[in-house]
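Here is a short briefing for a newcomer. Look over the sequence and the structure, then read on.

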Amino acid sequence: MKLVFLGPPGAGKGTQAKLIAKQRSWAHISTGDMLRAAVKAGTPLGLQAKTIMDRGELIPDDLMCAVVADRLGAADCGQGFILDGFPRTRVQADRLDETLAKLKMTLDRCVYFHIDTEVLVARMTGRLTCRSCGANFHVTAIPPKVAGICDACGGELFQRDDDREETVRNRLQVYQRSTAELIDFYAGKGNLLRVDADGQVEEVAARLAAGLGDS
Ligand code: AMP
C-alpha cells in the first residue's frame, strides 16, 4: 500500500509508521528523520535545516519536494511506502501528485491521526529520543527501563530542541496554518482514513490496522 500519514506533530504518526512499515515490509519515509540525519551528518541540507527546525518552522517546499521525489524513486518504494510528515503544505501535496504520476504510482489512502491539542503538548514536551538509534520514549507514558538510557540500543536519551514547550506550541500553530487544510484536500479525493490517535500505542495500532484492512 502507498500511504500518507497526516496529523499534528506528536500525534504518534512516526511510531505507528515504524511499526506497520516493518510488519508489512513497506518503506518508511519520514522527512523529519531524513532531516535530522542530515543535521547529524553536517550535510549542506542539514546545515540549512537545523535553525529552521529548531524554531519549529517548515523547510522550503522546493527543497523538501526534491528530497522526497528522489527517495520515492528508490527500488524499496515499489512494494509500498508510508510518507510520514510529508506533505505538509498544499504545494507539497500537489507536487507529490505530480511525482507519483511520473513514477506511475497512486496513493491508496491518506491516514489522518486526530488528537486533542493539550494531549499533544504533554506528549511532546515529555518525549525523549535516543541519540544513537532515534527510538522514542516518554517520561511518563513510555519510560525507559533505566533513566536516560535507550532500551533498544543503550544509547543516551535526550530532549529534541524542537520538543521544548515554546517550540512545540509554534509547531502546532504552523500545523494549523499550513498543514491542516490537507485533511480536506485528501477527503475531497475520497481516500481519507480518520484514526483516533489518543491512547496507548497498541490501541492506536489496532485502530489503524482495522481501518486499513488486511491488504
Ligand atoms: P517531524 O519529525 O516530522 O515533526 O519534523 C521535524 C521538523 O522537520 C519539522 O518541524 C520541520 O521543521 C521539518 N520538516 C519535516 N518534514 C517537513 C516537510 N514535509 N516540510 C517542511 N518541513 C519539514
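Which residue in strand 3 is the bridge partner of Ala27? In this predicted model, that partner is Phe81. Phe81 also appears in the account of the core below.

**The sheet**
- Five strands form an open sheet with parallel pairing. Their order is 2-3-1-4-8.
- Strand 2 (27–30) and strand 8 (192–196) stand at the edges. Each has a single partner strand, so one side of each is left without a neighbour in the sheet.
- On average, neighbouring strands are turned by 20° against each other, direction ignored.
- Four bridges join strand 2 and strand 3 (residues 81–84), which pair in the parallel sense.

**A helix on the sheet**
- Helix 2 (residues 31–41) packs on the sheet and touches strand 2 and strand 3.
- The direction of helix 2 makes about 65° with that of strand 2.

**The nonpolar cores**
- The largest nonpolar core has 31 residues. Leu72, Phe81, Leu83, Leu96 and Tyr186 have the most contacts inside it.
- Several elements each supply at least two residues of this core. Among them are strand 1 (2–6), strand 2, strand 3 and strand 4 (109–114). Helix 3 (44–55), helix 4 (61–72), helix 5 (90–102) and helix 8 (181–189) do so as well.
- Leaving aside neighbours within four places in sequence, Leu96 is in contact with Val4, Leu72, Leu83, Phe86, Pro87, Leu107 and Tyr186.
- A second, separate core has 23 residues. Met1, Ala11, Val121 and Ala197 are included in this second core.

Key. Residues are numbered from 1 along each chain as its sequence is written. This is a predicted model: local features need pLDDT of at least 70, side-chain atom pairs count only at pLDDT 80 or more; totals for chains, interfaces and linings use all residues. Side-chain values use heavy atoms; hydrogens and water are left out. Two strands pair if DSSP finds at least two bridges between them. Axes are lines fitted to C-alpha atoms, for helices over the stretch in contact, and angles run from 0 to 180 degrees between N-to-C directions. Contact means heavy atoms within 4.5 Å. A nonpolar core is a set of buried Ala, Val, Leu, Ile, Met, Phe, Trp, Tyr and Cys residues joined through side-chain atoms within 4.5 Å. Buried means under 20% relative accessible area, exposed over 50%, partly exposed in between (1.4 Å probe, protein chains only).
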